[in-house]
Amino acid sequence: MEYNADNVFAKILRGEIPSQTIYEDDHALAFYDINPKAKIHALVISKGMFTDYNDFINHSSDDEIAAFSRAILKTAELIGVAKDGYRIVFNTGKNSGQEVPHLHAHILGGEPLSTDL
Ligand code: AMP
C-alpha cells in the first residue's frame, strides 16, 4: 500500500489536528486515543511515513526500530501502566481492522484487560 499523507495521524504530526501529547522524540509521537478501548489507551505513532508494521519493519533502519520500541515503553511508563501491565497492539492490514494507514502502536492498560484477544 502506498503511503497517503491525508491520514489523520499525518495531520496530527503536521499540527493540523490537535492531540494530547504524552511523549515525543525524533522518531515517535505518543498521545491519547480519542476513543479509548481500555481505562488507559495511548497511541504511539512513527514520525516516518510507514503505513503499517510490515512496511515499518521492511523499510526502516534498525536504529528506527529500536527507537520506536523504546518510545513505546517510555510512553507506557509515562501513562503509568508499565508496572501493573499493559497490552501493545499493532493492527496491521485488512483483517486486523486497521483504520488509520500510518504506523501506530496501541498501548492499553489501567485495568485488567480481557483475555479474549
Ligand atoms: P487502528 O484501527 O489500529 O487504525 O486504530 C486507530 C485508532 O486511532 C482508533 O483507536 C481511533 O480511536 C484512534 N483515533 C482516530 N482519530 C484520532 C484522533 N484524532 N486522535 C486520537 N486518536 C484517534
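Trainee: How do the residues lining the largest pocket divide into nonpolar, polar and charged?

Mentor: In this predicted model, the lining comprises 15 nonpolar, 10 polar and 5 charged residues, where Ala, Val, Leu, Ile, Met, Phe, Trp, Tyr, Cys and Pro count as nonpolar, Asp, Glu, Lys and Arg as charged, and the others, Gly among them, as polar. A pocket here is an open set of points on a 1 Å grid over the protein atoms alone, with protein on both sides within 12 Å along at least five of seven lines, and lining residues have an atom within 4 Å of a point.

Trainee: Which residues lie nearest its centre?

Mentor: Of the 30 lining residues, Asp33, Lys37, His41, Leu43 and His106 lie nearest the centre of the largest pocket.

Trainee: Switching topic, how many salt bridges does the structure hold?

Mentor: There are 2 salt bridges, each a side-chain nitrogen of Lys or Arg within 4 Å of a carboxyl oxygen of Asp or Glu. Glu16 pairs with Arg14, with their closest N and O atoms 2.7 Å apart, while Lys47 joins Glu24 at 2.8 Å, N to O.

Trainee: And are Glu16 and Arg14 buried or exposed?

Mentor: Both fall in between: Glu16 is partly exposed at 49% relative accessibility, and Arg14 is partly exposed at 44%, given that buried means under 20% relative accessible area and exposed over 50%, with a 1.4 Å probe and protein chains only.

Trainee: Any caveats on numbering and confidence?

Mentor: Residues are numbered from 1 along each chain as its sequence is written. Local features need pLDDT of at least 70 and side-chain atom pairs 80 or more, whereas totals for chains, interfaces and linings use all residues, and side-chain values use heavy atoms, without hydrogens and water.

Terms used. On a 1 Å grid over the protein atoms alone, a cavity is a set of points where a 1.4 Å probe fits but cannot get out, and a pocket is an open set with protein on both sides within 12 Å along at least five of seven lines; lining residues have an atom within 4 Å of a point.
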